[in-house]
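Thank you all for making the time this morning. I would like to walk you through one model, going from charged pairs to the interior and then to a pair of strands.

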Amino acid sequence: MSRWLEVKAKDFSQLPRKPGVYCIYVDSSWPTYIGSSRNLRQRVREHFRGSIWSKNFRSKWCKFEWCFIKYRVEREIGEGAMAEVKLIKKLNPQDNRKPV
């Protein structure tokens, strides 16, 4: 397992094209969203470019100067997915909750 690294959302192009787990923070010390991917850079870009999320989520995250990403590269995709599940259960981030 590698260590956690941090990058400002506006600099997401610095993220590696490797598998891992990531947390999106919006001006807070608590993550608003946790995810995993086989390509961290591509997946985080999708969040901010809107190909996956509704305008609702994007508008909340669009203030790049306040938003940052913490991420950890994993050796395999499965490790990132397992870490994602554990972190979601532990931290219960707002945007990972299913709508009622």
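Let me begin with a question: which residue does R75 meet in a salt bridge, side chain to side chain? Before I answer, please keep in mind that what you see is a predicted model. The partner is E79, with 3.3 Å from N to O. As for the surroundings of this pair, R75 counts as exposed because its relative accessibility is 68%, while E79, with a relative accessible area of 21%, is partly exposed; the cut-off for buried is under 20%, so E79 at 21% does not count as buried.

By the rule used here there are three salt bridges, and I will take the other two in turn. One of them joins E74 to R72, where the closest N and O atoms are 2.7 Å apart, and here both E74 and R72 are buried. The other brings together the side chains of E46 and R43, at 3.6 Å from N to O. These two residues sit three apart in helix α1, and therefore about one helical turn separates them. R43 has a relative accessibility of 15%, which means that it counts as buried.

From the charged pairs I turn to the nonpolar interior. The largest nonpolar core comprises 13 residues, and L15, Y22, I24, V44, F48, I69 and Y71 are those with the most contacts inside it. Two or more residues of this core come from each of β2 (20–26), α1 (40–49) and β4 (67–73). If we take L15 and leave aside its neighbours within four places in sequence, we find L15 in contact with V7, L40, R41, V44 and Y71. Apart from this core there lies another, made of eight residues, including C23, Y25, I34 and F68.

Finally, I would like to look at the strands β2 and β3. How do β2 and β3 run, and how many bridges join them? They run antiparallel, and five bridges join the two; to give one pair, V21 has S36 in β3 as its bridge partner. Strand β3, which spans residues 33–37, is mostly covered, in that four of its five residues are buried. Between the strands of this hairpin there are six residues, and in the hairpin D27 takes a positive phi near 50°.

That is where I will stop, and I am glad to go back to any of these regions in the discussion.

Definitions and conventions: Residues numbered from 1 in each chain as written. Predicted model: local features only at pLDDT ≥ 70, side-chain atom pairs only at ≥ 80, totals over all residues. Heavy atoms only, no water. Core = buried A, V, L, I, M, F, W, Y, C linked by side-chain atoms within 4.5 Å. Buried < 20%, exposed > 50% of the residue type's maximum accessible area, 1.4 Å probe, protein only. Contact = heavy atoms within 4.5 Å. Salt bridge = Lys/Arg side-chain N within 4 Å of Asp/Glu carboxyl O. Pairing = 2+ DSSP bridges.
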